[in-house]
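Here is my note on the salt bridges, one helix, one sheet and the main pocket. Please read it with the structure open.

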Amino acid sequence: MLVKKKALPAGTRLIGELDTVTGEFHGQVDQYETMAAEICHELQQPRSFAESLQWEMPKTIIAEGRYYAELHPVSGNYHVYTHQQVTQNELQHWLGQHGFDLLSEEQWEYAIGAGTRRLFRWGNEKPCEDGVKLAKKALAEPNMFGLMYPYANGWELTNSSFLKMDDWLECGNPLLDTLPYASYYRSRKMLSANQQLSPEKYRYRKAVIIDRERI
């Protein structure tokens, strides 16, 4: 299998990265310029001291059918994408036209575990900074195959209705908060037929599957 290093939000194509400190955009500038004014408007700083006490940069910025921007939790920059609405069937059709597939559930588990049978992609212990809270930096590290997986704020697609990862609110319980990161964890949510896939909650990973029986 050849597998995409990072999962992409559903219905999107990455065009670059927006530096939130300098305001510089690195990537396909011509496409970014068509959406730059609207994105920058969403990032306007508060004008009063009272507003600044509660203001935070939005985690996502979306104009359906046009663009999608997502704040990276470690770098603090925005990854900027073009966007169009898709269902799982439409996404699989588009991937097939370009020579790609979605992983099956078993293939996804093999990829995240990097061919091992460890409980998590990093080992059998939970990475903690204070003994309770998950270490964001550790979660951002690639596994032994070099693949990177998202935080538990959405689902990752397989080629079936079964979903991996989860949209998970941390509750402070060390066991429960770690569950979505287990290599063999399956979300209780299942994908319904012809469901529109929100880029804020659903991600996909391009893969080239080499079937030995067809060689």
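The points below go through this predicted model, starting with the charged pairs.

1. Salt bridges overall. The structure holds seven salt bridges. Three pairs are discussed here: Arg203 with Glu70, Lys164 with Glu109, and Lys201 with Asp167.

2. Arg203 and Glu70. These two side chains form a salt bridge with an N to O distance of 3.8 Å. Arg203 belongs to strand 10 (residues 202-204) and Glu70 to strand 6 (residues 67-71), so the bridge ties together parts that lie 133 residues apart in sequence. Arg203 has a relative accessibility of 6% and counts as buried. Glu70 has a relative accessible area of 17%, and because buried means under 20%, Glu70 is buried too.

3. Lys164 and Glu109. In this salt bridge the closest N and O atoms are 2.9 Å apart. The pair links distant parts of the chain, with Lys164 in strand 9 (residues 163-167) and Glu109 in helix 5 (residues 105-112), 55 residues apart. Are the two partners buried or exposed? Both Lys164 and Glu109 are buried. The pair also belongs to a network of salt bridges that links Glu105, Glu109, Lys164 and Arg186.

4. Lys201 and Asp167. The closest N and O atoms of this salt bridge are 3.1 Å apart. Lys201 sits in the loop between helix 7 (174-178) and strand 10, while Asp167 is in strand 9, so the bridge ties together parts 34 residues apart in sequence. Lys201 is partly exposed, at a relative accessible area of 30%. Asp167 is likewise partly exposed, at 33%.

5. Helix 5. Which residues of helix 5 are buried? They are Glu105, Trp108, Glu109, Ala111 and Ile112. Viewed down the helix axis, these buried residues fall within an arc of 160 degrees, so they line one face of helix 5. They pack against strand 8 (153-157) and strand 9. Glu105 and Glu109, both in the buried set, are also members of the salt-bridge network. Just after the helix, Ala114 takes a positive phi of about 55 degrees.

6. The open sheet. Four strands make up an open sheet in the order 2-10-8-9, with mixed pairing. Its edge strands are strand 2 (8-9) and strand 9, each of which pairs on one side only. Strand 8 and strand 9 pair in the antiparallel sense over five bridges. Within this pairing, Gly154 has Asp166 of strand 9 as its bridge partner. Strand 9 also carries Lys164, the salt-bridge partner of Glu109 in helix 5.

7. The largest pocket. Its volume is about 1,100 Å³. The lining consists of 35 residues, and those nearest the centre are Leu71, Pro73, Tyr151, Asn153 and Arg203. The elements that give two or more residues to this lining are strand 2, strand 6 and strand 7 (78-83). Which element gives the largest share of the lining? Strand 6 does, with three residues.

8. Arg203 in two settings. The pocket and the charged pairs meet at this residue. Arg203 is among the lining residues nearest the centre of the largest pocket, and its side chain is in a salt bridge with that of Glu70. Strand 6, where Glu70 lies, is also a contributor to the pocket lining.

Technical notes. Residues are numbered from 1 along each chain as its sequence is written. This is a predicted model: local features need pLDDT of at least 70, side-chain atom pairs count only at pLDDT 80 or more; totals for chains, interfaces and linings use all residues. Side-chain values use heavy atoms; hydrogens and water are left out. A salt bridge is a side-chain nitrogen of Lys or Arg within 4 Å of a carboxyl oxygen of Asp or Glu. Buried means under 20% relative accessible area, exposed over 50%, partly exposed in between (1.4 Å probe, protein chains only). The arc is that of the directions from the helix axis to the C-beta atoms. Contact means heavy atoms within 4.5 Å. Two strands pair if DSSP finds at least two bridges between them. On a 1 Å grid over the protein atoms alone, a cavity is a set of points where a 1.4 Å probe fits but cannot get out, and a pocket is an open set with protein on both sides within 12 Å along at least five of seven lines; lining residues have an atom within 4 Å of a point. Grid points are joined across faces, edges and corners, and a volume is the space filled by probe spheres set on the points.
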